[in-house]
Amino acid sequence: MQELFLYNTLTRKKEIFVPLEDKRVKMYCCGPTVYNYAHIGNLRTYFFEDILKRILIYNGYEVFHVVNITDVGHLVSDADEGEDKMEKGAKREGKSVWEIAEFYTEAFKKDISELNILFPDIWCKATDNIKEQIELIKCLERKGYTYITSDGVYYDTSKFKDYGKLALLDIEGLEEGKRIAFSEEKRNKTDFALWKFSPKNVIRQMEWDSPWGKGFPGWHIECSAMSMKYLGETFDIHCGGVDHIPIHHTNEIAQSEGCTGKQFVRYWLHGEFLIEEKGKMAKSAGEFLRLPVLIEKGYSGLDYRYFMLMTHYRKKLKFSYKALDSAKRGFNNLKTEILEIKDYLSSKDKISVSETNNPQITTWQKKFIENINDDLNTAGALGVLWDMLKDSILKPEEKLFLTYDFDKIFGLKLKELKRESIPEEILNLVEQRRVAKLNKQWQEADKIRQEILKKGYELLDHKDGKTEIRKKI
Ligand SMILES: [Zn+2]
């Protein structure tokens, strides 16, 4: 197996991936804040993480994958100000925060299922792990990283030696008020809340007792506490969107390393944004595109997946219906190609492909791995798939074998692809057409053929007099 190269945000370099344990990879990905639907831009991040996970598995690793569900503490502004997104969502819909969390967690899982994203081994909810978060804050307090203000317990970022190393932050140069609102009581611009006190005049639906007073955890502490709970103090891979680099992940490092004194994460990977013509797609701005909206318009989750495969995860991806249509056409062509091979092979006796000692197979696999192991080059890997299908030396059964092998990464469900059974209505029309042709009623026969076409099926008249019916895809 060729070496696997991953771009590590921490070093700003592509590095050879070597896990801590020989064949086992521990990976944590920041999950959704379940106060609203995910937009298709959020989903791109989970898609990139899915590709990464599939590539690790393809390379022979066993992956232990944890994703959190943020159901408390994520405030509207990243500056520890404003309303809790969950409480705001509950107010908007006249439901309890718990109901909101449950509802949008399910909606999120449905979305990622549509995209054929593999589920993690562990989903962990912030509200199920309050004790662990309090323990971590107590550890930071013992080590002198915290101070208390009128509204919560804060992290003094000036005490942490390498604060900002992930984002290469220029702490001195940060303009006051630009990156974060600067409250009077904060000692440094980059300080952040570990625990927030419940406001005196507002009744919160979610609050807990703590050594510092009744309240709720800050957003960043949950990821440090839960990732270390499930994966240990140092683990292999941590992922998220690029927007997490300067604040959320920077603060996670400060929290975890501040407490343990050990390196928190060895490889940090970040996915770029999906953008519309207007700019970044964000739901806080109000309008946003959800996957069910695309599905209503006639695109499948896998059409969107194919669209995302065509661009490297570290590049911005511009969304437009025109671009999505073109991806859908490409994906349809691919499906047609594969169905034709399947049709051809099903008319033959069972043919098996020997994987071992087949230089054809290994040559194409090598080309494929060169791409996927080069920091997840999915676009290049798709190119290899197309070149392979067009190759004139490979036998159909070898093409199918390689297609299924490559699809372990693409996740386009090509193995399950099959022609659907033809509905009764169409079969009746085909029979009527046969009779018309028999009676030499050519115009009538052609009319019926057009009708069949309109209903989404096409007819192929073979030389032997048989007619083949195919669903158009
Ligand atoms: Zn996180």
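In this predicted model, Lys-85 is found in helix α2, which comprises residues 85-93. Lys-85 is buried, because its relative accessible area is 15%, and a residue counts as buried when this value is under 20%. Although Lys-85 and Phe-64 are 21 residues apart in sequence, the distance between them in space is 29 Å, taken from C-alpha to C-alpha.

A zinc ion is held by protein donors from three residues, namely Cys-30 through SG, Cys-223 through SG and His-248 through NE2, and these donors lie 2.1 to 2.2 Å from the ion. Along the chain, the donors follow the spacing C-x192-C-x24-H. The pair formed by Cys-30 and His-248 links distant parts of the chain, since Cys-30 sits in the loop between β3 (24-29) and α1, whereas His-248 belongs to helix α6 (residues 245-260), 218 residues apart from Cys-30. Both of these residues, Cys-30 and His-248, are buried.

The interior of the protein was next examined for groups of nonpolar residues. The largest nonpolar core has 74 residues, and within this core the residues with the most contacts are Leu-56, Ile-237, Tyr-304 and Leu-334. Helix α1 gives the most to this core, contributing 10 residues. When residues up to four places away in sequence are not counted, Leu-334 touches Tyr-306, Leu-385, Trp-386, Leu-389, Leu-412 and Leu-414. Another core, which lies apart from the largest one, has 53 residues, among them Val-66, Val-153, Tyr-155 and Phe-216.

Enclosed spaces were considered last. The structure holds five cavities of 30 Å³ or more, and the largest of these has a volume of about 90 Å³. The lining of the largest cavity is made up of Tyr-46, Glu-49, Asp-50, His-65, Val-67, Phe-108, Ile-112, Ile-117, Leu-118, Pro-120 and Trp-123. The elements that give two or more residues to this lining are α1 (40-58), β4 (62-69) and α3 (97-114). Of the elements, α1 gives the most to the lining of the largest cavity, with three residues, and α1 is also the element that gives the most to the largest nonpolar core. By residue class, the lining of the largest cavity divides into eight nonpolar residues, one polar residue and two charged residues.

Methods. Residues are numbered from 1 along each chain as its sequence is written. This is a predicted model: local features need pLDDT of at least 70, side-chain atom pairs count only at pLDDT 80 or more; totals for chains, interfaces and linings use all residues. Side-chain values use heavy atoms; hydrogens and water are left out. On a 1 Å grid over the protein atoms alone, a cavity is a set of points where a 1.4 Å probe fits but cannot get out, and a pocket is an open set with protein on both sides within 12 Å along at least five of seven lines; lining residues have an atom within 4 Å of a point. Grid points are joined across faces, edges and corners, and a volume is the space filled by probe spheres set on the points. Helices (H or I, at least four residues) and strands (E, at least two) are DSSP runs, numbered from the N terminus. Ala, Val, Leu, Ile, Met, Phe, Trp, Tyr, Cys and Pro count as nonpolar, Asp, Glu, Lys and Arg as charged, and the others, Gly among them, as polar. Donors are N, O and S atoms within 2.8 Å of the metal (3.2 Å for Na, K and Ca); water is not among the atoms, so sites may look incomplete. Buried means under 20% relative accessible area, exposed over 50%, partly exposed in between (1.4 Å probe, protein chains only). A nonpolar core is a set of buried Ala, Val, Leu, Ile, Met, Phe, Trp, Tyr and Cys residues joined through side-chain atoms within 4.5 Å. Contact means heavy atoms within 4.5 Å.
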